[in-house]
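Okay, thanks everyone, let me grab the screen for a few minutes. I'll put the model up and then walk through a handful of spots in it.

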Amino acid sequence: MGDPKAFLTVPRKEAGYRPVYERIKDYSQVEQTLSSHDRRQQASRCMDCGVPFCHWACPLGNKPPEFQDALFRGKWREAYALLTETNDFPEFTGRVCLALCEKACVLRLTFDAPVTIRENELALAEAAFREGYVDPVHTPRTGRRVAVVGSGPAGLSAAARLHAAGHDVTVFERQARPGGLLRYGIPNFKLDKDIIDRRIRLMEASGITFRTGCEVVLESLPEEFDAYVFCTGTPTPRDLPLPGREAAGIHFALEQLAGQNRLLDGEDVPEARRVSAKGRRVLVIGGGDTGSDCVGTSIRQGALSVTQIEIMPQPPVGNNPQTPWPMWPAVLKTTSSHEEGCQRRWGLTSRRFLVCDGRVRGVEVEEVTWDKSSADARPEMHSTGRMEVIEADLVLLAMGFLRPEGVPTGQGVFAAGDAVTGPSLVVRALADGRRVARDVDAYLGSLGTPADCDPADAADPPHPAHA
């Protein structure tokens, strides 16, 4: 810890967002950056706690005190090496992670001003690419071949770790371009797709093969591989089968988000498959991050108005005694998209879609209340009978995804990410990709060395600092 009193003298400073009037006119990233001097000052606020709750909270096991100290001392390359010991893709998590580490930071408990760990992480990643010390990973080969099915966060993480362990990795992706959720589920204004392409090029330069437009199923596996890792995510969205559901103008959230991303990527999306909010009164059903992404996308598409509703009650502001530190705080979250113009309402359940001439014209909703019979019981929903109609001619269903059934398993077949855990966070999918890579590596080691591989080349490789 370079300055033991910095947390008392240096206030938390965030990079913030571009002005609303400017950012709603494009799909460029909304978050800004700080100068290198300010970034080092922010790193100096880390207290190097005796018990680093930030490390405890991070699914990847990142070690913020170590890389914050190196950053404060101006050792950017050393800080990046420390960061990438546990995180293969800090340029992703630095942009879209919810920063569980910051919520567990001791400075959140004492000052409600945690260290800017996520932003510092992103600054380290971008400095590493800018200065040219993110290099392809070349390690001795084991002769073993692994197929990774799915190129979302878990698939990319598993591929990177398996390649670093010396195995030959081929990533299969059924979409036209790799990236999975990162490419097709997250708007460009949060994660520009050039960032994904930059990493994919680096992985290809390392020797990882990507095969897009390929559907791989358990019943018909390609035969040339020694192990298979399914990282196929949660492809089935939660539906809302109410009267009028068949009307035009009712879509799943990813129909809009993925379609817009494809257009920005230069793909040819037929007009009939495009979901545009231009000139529409938009209702987003679901109060999570996906719903927030629909809000920001609808505003950029030119919506007349945007309303977002959530069945649960409004969370408390600032502090929630039900989720004390260092737990993840269940409090009201306002995203950059909400700041751009959105009416938000809570405690509403949908009853039916109102249809006119085959198109949705509104949703009948009912106000509900929630209570617990005891402190340990799950909240129970109660109807109030208070009904109203929210007018809308575009309804976006953003209520999450169904946990997959029948996850592939068997001899030499593994699975990771949301396909195993159900819908979760990008950082947890990355962590599970690393977990499955260790399992696959142990399995391949139990098979021995292939006859066509030189045993000298199959030695355990050193850990690549810049994987």
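Before anything else, one bit of vocabulary: I'll call a residue buried under 20% relative accessible area, exposed over 50%, and partly exposed in between. Take cysteine 356: its relative accessibility is 39%, so cysteine 356 counts as partly exposed. And do keep in mind that this is a predicted model.

So how much confidence comes with the prediction? The mean pLDDT of the protein is 94, and 96% of its residues reach 70 or more. The stretch to watch is residues 456–467, where the pLDDT is below 50. That stretch still has 31 contacts in the model beyond near neighbours in sequence. Where pLDDT is low, though, the predicted coordinates should not be read in detail.

Staying with cysteines for a moment: how many disulfides does a search of the whole structure find? Zero. Cysteine 58 shows how that works out: the closest cysteine sulfur belongs to cysteine 101, and at 6.1 Å that's too far for a bond. For a disulfide we'd want the two sulfurs within 2.5 Å. Cysteine 58 is buried, by the way, at a relative accessible area of 12%.

Next, glutamine 42, which sits in helix α3, residues 36–44. Is glutamine 42 buried or exposed? With a relative accessible area of 2%, glutamine 42 is buried. Leaving out residues up to four places away in sequence, glutamine 42 touches Val10, Pro11, Arg12, Lys13, Leu34, Val115, Thr116 and Asn120.

Now the rings. The count comes to eight aromatic pairs. One of them is phenylalanine 53 with tryptophan 56: the ring centres are 6.2 Å apart and the planes sit at 80°, so that pair is edge-to-face. Phenylalanine 53 and tryptophan 56 are both in helix α4, residues 53–57, three residues apart, or about one turn of the helix. Phenylalanine 53 is partly exposed at 24% relative accessibility, while tryptophan 56 is exposed at 53%.

Phenylalanine 172 and phenylalanine 225 also pair edge-to-face, at 5.8 Å centre to centre and 85° between the planes. This pair links distant parts of the chain, 53 residues apart: phenylalanine 172 is in strand β2 (168–173), and phenylalanine 225 is in the loop between β3 (209–212) and β4 (227–230). Phenylalanine 172 is buried at 3% relative accessibility, and phenylalanine 225 is buried at 10%.

Back to that first pair for a second: Phe53 and Trp56 form one aromatic cluster together with Trp325.

A couple of arginines lie over ring faces too. Arginine 198 is over the face of phenylalanine 129, 3.7 Å from the ring centre. Arginine 245 is over the face of phenylalanine 252, at 5.2 Å from the ring centre.

Last stop, helix α14, residues 253–264. Does the geometry add up, or what span should we get? At 1.5 Å a residue, the 12 residues of α14 should span 16 Å, and the end C-alpha atoms are 17 Å apart, which agrees. The buried residues of α14 are Ala253, Gln256, Leu257, Ala258, Gly259, Gln260, Asn261 and Arg262. What covers these buried residues includes α12, α13, β5, α15 and β12. Just after α14, glycine 266 takes a positive phi of about 90°.

That's my tour, so over to you.

Key
Residues are numbered from 1 along each chain as its sequence is written. This is a predicted model: local features need pLDDT of at least 70, side-chain atom pairs count only at pLDDT 80 or more; totals for chains, interfaces and linings use all residues. Side-chain values use heavy atoms; hydrogens and water are left out. Helices (H or I, at least four residues) and strands (E, at least two) are DSSP runs, numbered from the N terminus. Buried means under 20% relative accessible area, exposed over 50%, partly exposed in between (1.4 Å probe, protein chains only). Contact means heavy atoms within 4.5 Å. Rings of Phe, Tyr and Trp (its six-membered ring) pair if their centres lie within 6.5 Å; planes under 30 degrees apart count as stacked, over 60 as edge-to-face and the rest as tilted. A charge sits over a ring if NZ of Lys or CZ of Arg is within 6 Å of the ring centre and within 35 degrees of the ring normal. pLDDT is the predictor's confidence in each residue, from 0 to 100. The expected span of a helix is 1.5 Å times one less than its number of residues.
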